[in-house]
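Here is a short briefing to read alongside the model. Have the viewer open as you go through the points.

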Amino acid sequence: MELQDYWLQYKLEWGWVEYGTILLVVAFILYNIVRAGRGKGVTIRRIPGLDQIDEAVGRATEVGRPILMVPGLGVLDGITVQAITIFSSIVRTAVRFGTPIRLLNYDGAVYAVAQEIVRDVYLSEGVPEQFDPDSVRFVSDRQFAFAAGVAGVIQREKVAATFFMGAFYAESIIMAENANMVGAIQVAATTQFIQTPFFIATCDYVLLGDEFYAASAYLGRQPVLLGSLVGADWAKMVFVMFVLIAAIAHSFEARTPVPADERQDLGFADGQIYKDRPQLFFGKMTKASRF
Amino acid sequence: MIDLLAQAQPDNVFTRAWWDALVTREESWQILPTAFKFTVAAILTVGLYSLLYRENRFYRFVEHLFIGLATGFSVVGIVWEPVLHQKWWVPMVGAAGTDETAMKLAYWPWAVVLPIGVLAFFVFSKKHGWLSRIPIGIILGLWAGQQFNAFQNRYLPQLADSARPFIPNQFTLSSRLDPSGTLTVPDAINNLIVMATFIVVLSYFLYSFEQQSKLFQRSAIAGRWLLMVGFGAIFGTTMMTRFSLFIDRAYFLLIEWLKLGPIA
Amino acid sequence: MNWLIAQVESPEPGFWGLPHTDAPLLTQGFFWAIVGSLVGMVVVIFFLARVPSNFRRPIAVAFVFLAGMFYVLEWVLPRGKDMSGETVIPFLFGSNYEDAVPVVANLSQIIFGLLLALGILSIFRVHFGRLFRLEKDWFFSFVLLGSMAVMIVFGLMNWSLDQAVAREAITSEQASRTIAAQGFQFVFFDMLQNLDAAMFSLIAFFILSAAYRAFRIKSIEATIMMATALVVLMSFIPIFLAITNWLPADQFVGNFRVDTIGDWILDTINAPALRAIDLGLGLGILAMAIRIMLGLERGVSVD
């Protein structure tokens with residue numbers, strides 16, 4: 001193959017910094033997983049919504065009605081896997097209380113994973129005969145048909161508690177309001193933060209943002225999950241430091257008038273003498289390595 | 001008028017000609033009256049709306065009809081036609097050339113995908129359940145591999161943009177008519193607010209601290225409040241779009257179906 | 001006539017792409033290649049099923065890791081531009097790594113498509129079970145299965161009509177007058193799409209009742225959220241805009257116009273707050289991706 005421009009990626013200004021940043025984040029996560037695995041006291045703060053799960057399942061047991069879980073409208077990816085991981089600990093509580101469950105799916109592959117994981121929970125609790133394969137169902141893979149089906153199940157079975165976790169879109173409010181109509185306790189978490197306000201308005205407890213990812217670490221206390229949570233924390237702190245330092249650098253850069261002969265190359269508008277925001281150092285840097 | 005049915009020989013049932021004949025046979029009632037279609041659509045709409053009162057048999061009927069139609073369409077229109085037929089079957093078997101079209105080669109290795117997919121059905125087997133992890137693992141692995149590039153493309157430019165200059169380069173108030181690049185006092189203050197919001201909200205999402213220090217606790221609470229401002233803004237903007245959807249349906253029911261007013 | 005010949009020139013067959021001719025199917029190479037690879041896979045699966053249980057986890061994790069490395073390599077491998085200006089990723093033996101990307105993308109789509117069958121199986125389990133045992137609501141299960149069958153039949157008929165049009169066996173105008181096309185038109189456009197729109201528009205009612213409930217919650221957070229929602233909502237509604245429209249936009253008092261306040265909230269508070277929450281989610285996803293690739297996620301890898 002004949003090339004006119006090779007190693008383009010690394011020739012681009014500062015492209016390696018971006019790769020380095022991501023490698024740093026990966027290193028933080030892996031290092032903390034190892035550290036947590038060695039039993040170094042890694043602790044995480046309280047997450048209020050998650051303390052309510054046992055209470056919600058308990059109340060469902062009292063009234064003798066099922067609990068409902070929906071892993072969102074995602075196809076099989078890390079988000080739905082995370083949702084199902086959280087559900088597995090909810091199901092464990094439900095099995096101990098003897099509460100019936102409903103797990104409604106939007107995707108065939110997610111249904112397969114959920115089926116297997118829920119069955120494993122019943123097996124590990126020593127009651128495989130209580131597992132009803134039809135309690136984990138596929139409803140539909142069309143957004144509003146799924147919403148109609150879930151709303152129907154909520155209303156017909158008068159579910160006592162609902163757990164909406166995963167990627168939800170416009171249908172979130174249809175399902176959550178129907179659950180309100182039958183008086184269910186609701187705990188929700190979504191990675192689509194556009195839907196979070198609607199869950200806040202309709203649900204009793206909402207996990208904000210990446211509390212969703214923290215949930216499985218909080219519930220299970222497994223070293224791997226705790227470690228990766230702490231690693232992500234480190235990355236957040238580094239990013240905050242970066243923003244502060246870069247902002248100072250940008251402040252001085254934005255105050256320095258650009259010499260008249262360089263303005264043309266930078267694509268300045270008429271009468272512009274200072275760099276605009278996207279023309280500042282880091283803004284240009286992150287743009288330059290895009291293809 | 002074509003009559004492929006006449007050409008089809010009775011002994012070659014299920015051939016392409018027979019199938020074409022079956023689906024292309026014309027009938028006199030072919031065009032359903034618009035009024036009938038509108039009425040069906042309106043009844044279905046009202047059926048779904050009846051959920052607002054409470055769950056009832058009418059809703060249950062429409063719900064099951066909806067799920068049935070939707071799933072049927074997924075099978076044909078979303079999975080078979082664009083994916084399995086176009087991306088798997090046609091490349092795998094190819095096609096013979098005709099006078100006007102070139103032959104398509106048969107890329108037979110696509111055949112191995114079918115057994116891989118079928119492995120997922122082992123999920124119902126107690127003994128060989130682990131085999132279902134292979135197709136699921138392939139899907140999840142491909143997803144996981146894409147996330148590194150996605151993180152770089154999505155978040156690093158956002159971080160760079162969050163680092164805003166906060167020292168004004170022109171000590172005036174208004175900036176509406178100034179050329180781009182001018183940073184007035186209000187701009188600088190807004191930039192400071194943007195950065196403070198970003199950092200304060202992010203501080204709420206730190207988990208590995210018990211939030212003992214007063215400063216950290218206050219910052220986390222402020223972070224939650226600022227988040228609520230952000231969520232409120234989403235709530236307000238989304239409400240508008242949702243109402244326009246309802247107005248569209250109301251227009252269908254009242255104007256197009258019941259003809260209660262002139263059609264715009 | 002040269003152009004006509006050039007047009008129908010067949011591609012060069014190779015090992016991976018065998019010719020498809022008019023000869024009977026059983027005499028064609030590609031047919032036996034497909035049969036052979038299916039049989040080969042069955043043999044592979046047969047041996048996989050007999051793998052000792054302590055090898056199962058490494059095998060499953062290896063599949064995940066290799067699948068993940070495909071896109072990781074695409075991300076890190078150095079790129080270049082070829083003579084025509086296309087971005088290429090030079091790989092082993094002079095190949096272009098970028099060529100493999102659509103193939104792998106198709107592969108995952110096909111597996112996804114095949115896995116929908118699992119979902120359909122679940123629907124059959126639930127609803128045929130209810131129908132055969134004549135349980136409560138069996139009639140609705142019948143409706144569901146019936147409408148699904150109708151949609152599949154009309155969908156397939158319509159699809160094969162499209163193919164006939166593509167082969168120029170009939171014109172699209174003729175096709176649109178057939179029972180198949182009319183029936184599909186009715187079940188898809190007149191029924192399914194209207195059902196979608198109706199369900200979507202139901203949100204307007206639910207959003208109102210949710211807003212009413214949120215206004216009644218006596219907490220600082222809910223109050224902050226709904227007050228902001230109100231301000232932003234007002235900044236979109238002409239009546240509220242009219243109240244402050246007389247304030248000159250280019251003077252200091254112009255900052256108190258409803259639309260200016262709404263825009264300010266969106267740009268200055270909403271955008272960075274959502275960026276922060278999004279960054280957290282992105283890090284969560286990245287951590288998840290690492291755990292999945294390394295087989296550390298307990299829910300997915302073999303226990």
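The notes below cover the nonpolar core, one residue of chain A, and the contact of chains B and C.

This is a predicted model, in which local features need pLDDT of at least 70, side-chain atom pairs count only at pLDDT 80 or more, and totals for chains, interfaces and linings use all residues. Residues are numbered from 1 along each chain as its sequence is written, while chains are lettered from A and ligands numbered from 1 in the order in which they are written.

**Nonpolar core**
- The largest nonpolar core (buried Ala, Val, Leu, Ile, Met, Phe, Trp, Tyr and Cys residues joined through C-beta atoms within 7 Å) holds 244 residues.
- Among the members that touch the most others are A:Ile67, A:Val113 and B:Leu48.
- Beyond four places in sequence, the contacts of A:Ile67 (C-beta atoms, placed from the backbone, within 7 Å) include A:Val57, A:Ile101 and A:Val159.

**A:Gln195**
- A:Gln195 sits in the loop between strand S6 (185-190) and helix H8 (196-202) of chain A; helices (H or I, at least four residues) and strands (E, at least two) are DSSP runs, numbered from the N terminus.
- A:Gln195 counts as buried (20 or more other C-beta atoms within 10 Å of its own, these atoms being placed from the backbone) because 24 others lie within 10 Å.
- A:Ser172 is 23 residues away from A:Gln195 in sequence, yet their C-alpha atoms are 7.0 Å apart.

**Chains B and C**
- Chain C gives 128 residues to the contact and chain B gives 123.
- On the side of chain C that touches chain B, H7(C) provides the largest share, 21 residues.

How values were computed
A residue is buried if 20 or more other C-beta atoms lie within 10 Å of its own, exposed if 12 or fewer, and partly exposed in between; C-beta atoms are placed from the backbone. Two residues are in contact if their C-beta atoms, placed from the backbone, lie within 7 Å.
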